[in-house]
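Biologist: Pick one part of this predicted model and take me through it slowly. Tell me what it pairs with, what it packs against, and then how the rest of the chain is arranged around it.

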Amino acid sequence: MKTEIAKFLTEKGFSVKDGKFFATIKGYHFNGSFKENSYFTPLTLHVSFFATRIQQQTIASALSVTLGKQISVVATDYGMKFIYNNMSVKELLRILPFSLDYIPDVLAKEGALDCRYCPICGTELKPEEQRLLSVDGIFVALDEHCRANYAVTEVSAETQSDIPNNYAKGIVGALAGSLIGAVITFFATMYIGLSFIISIVSLLLATALYKKMGGKPNNVMIAVSGCFTVVFQLLACLAAYVIAAHDAFGQTSDIWQSFMAAMMIQEFSAAFYLGFILNLLFSIGSIVVYLFIYKRKKSRSVL
Ligand SMILES: [Zn+2]
């Protein structure tokens, strides 16, 4: 059921599910819930941030004055809660755009630390700590220390896609993962012969390290990891055959010449083409399978 509040929130970039919603606005995590069917729509909004007690008081009083009496402002362990009392859907739709714009501006102005910091202790979060956790139904990112002190549960991949993205580091991670895959393929080709199955290992390593380094789990992650996997798997396969050829024929000539000489031998060239093509097909196949499983998991996950 797509009602007015849900529609508004979705347009604002929130993930909305079963009367609960979440988004990151101007660097701050916004959580909330609403009951759309009641005449006076009770809506609560929680914004997580770290601030000192004095900053909290300044923020609370600044926001209470501007937002008016109908909105209660309550400090929490990890931010601030806003309760919209006795408001019709129409009134909510009037005040919400202003709230979503104004609240993060006041927070930033008063120096409240955004979602890159633990909202409980203010420690800067490592990339792997920026994953969202559910604490009392509210999605926040906590550092390792605070995580241990609160009852937290993991949050679905769909919601994780709202965490800040770090493409550059993610790409470095994917590169590292597919290079490890390439090294395995190189040795597997040298000593076992066929190595095409390694492409799935390469892809899994690349995507895992992409996420570990702070990249969002999304289509870009799969595209980057997939491209690196295809390229490095083929290069590793080629390198293994070139070196094998050099070992066998390369007493006098340079590496490439001995490879070309080996390719004149039908048995060698057939083995090379078979290995190369299988590697290419399995690399592409791994990406297709990964994408299929990823999409299925994403469509099933809940907020
Ligand atoms: Zn903390």
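Modeller: Let's start with a pairing: Gly32 has Leu45, in strand S4, as its bridge partner. Leu45 has a partner on another strand too, namely Phe82 in S6. That makes S4 a good strand to follow. With S3 it shares six bridges, and the two run antiparallel. One more pair you can look up there is His29, which stands opposite Ser48 of S4. With S6 the sense is antiparallel again, over six bridges.

Now zoom out to the whole sheet. It's an open one with six strands, ordered S1-S2-S3-S4-S6-S5, and the pairing is antiparallel. Its edges are taken by S1 (15–17) and S5 (71–76); each has a single partner strand, so one side of each is left without a neighbour in the sheet. From one strand to its neighbour in this sheet, the average turn is 15°, with direction ignored. Helix H2 packs on the sheet, where it touches S5 and S6, and its direction makes about 170° with that of S5. H2 has 15 residues, which at 1.5 Å a residue should span 21 Å, and its end C-alpha atoms are indeed 21 Å apart. Right after H2 comes Gly68, with a positive phi of about 95°. Another helix, H3, lies across S2, S3, S4 and S6, and it runs at about 15° to S4.

So how covered is our strand? Five of the six residues in S4 are buried, so call it mostly covered. Take Val47: setting aside neighbours within four places in sequence, its contacts are Tyr28, Phe30, Gly79, Met80 and Ile103. In general terms, nonpolar side chains in soluble globular proteins tend to be buried together. Here the largest nonpolar core has 42 residues, and the members that touch the most others are Val47, Phe49, Ala112 and Val140. Two or more residues each are supplied by helix H1 (4–11), strands S2 (20–25), S3 (28–34) and S4 (43–48), helix H2 (53–67), strand S6 (79–84), helix H3 (89–109) and strand S8 (138–140). H3 gives the largest share, five residues. There's a second, separate core as well, with 24 residues, including Ile222, Val224, Ala262 and Ile287.

S8, which we just met in the core list, belongs to another open sheet, this one of three strands in the order S8-S7-S9 with antiparallel pairing. S8 and S9 (152–154) are its edge strands, each pairing on one side only. Neighbouring strands in this sheet are turned by 40° against each other on average, direction ignored. Three bridges join S7 (133–135) to S8, and these two run antiparallel. Val140 turns up again here: this S8 residue is the bridge partner of Leu133.

Last, the wider layout. The protein is divided into domain 1, covering 1–164, and domain 2, covering 167–300. Their centres, taken over C-alpha atoms, are 43 Å apart. Helix H6 (167–191) has 25 residues and reaches 36 Å from its first C-alpha to its last, close to the 36 Å expected at 1.5 Å a residue. Among the buried residues of H6 are Gly170, Gly173, Gly177 and Gly181, along with Ile171 and Phe186. After H6 you'll find Gly193, which has a positive phi near 110°. Further along, Tyr273 sits in helix H10 (266–300). Tyr273 has 12 C-beta neighbours inside 10 Å, so it counts as exposed. From Tyr273 to Met263 it's 10 residues in sequence and 9.8 Å in space, C-alpha to C-alpha.

Key. Residues are numbered from 1 along each chain as its sequence is written. This is a predicted model: local features need pLDDT of at least 70, side-chain atom pairs count only at pLDDT 80 or more; totals for chains, interfaces and linings use all residues. A nonpolar core is a set of buried Ala, Val, Leu, Ile, Met, Phe, Trp, Tyr and Cys residues joined through C-beta atoms within 7 Å. A residue is buried if 20 or more other C-beta atoms lie within 10 Å of its own, exposed if 12 or fewer, and partly exposed in between; C-beta atoms are placed from the backbone. Helices (H or I, at least four residues) and strands (E, at least two) are DSSP runs, numbered from the N terminus. Two residues are in contact if their C-beta atoms, placed from the backbone, lie within 7 Å. Domain bounds come from an automatic or database domain assignment. Two strands pair if DSSP finds at least two bridges between them. Axes are lines fitted to C-alpha atoms, for helices over the stretch in contact, and angles run from 0 to 180 degrees between N-to-C directions. The expected span of a helix is 1.5 Å times one less than its number of residues.
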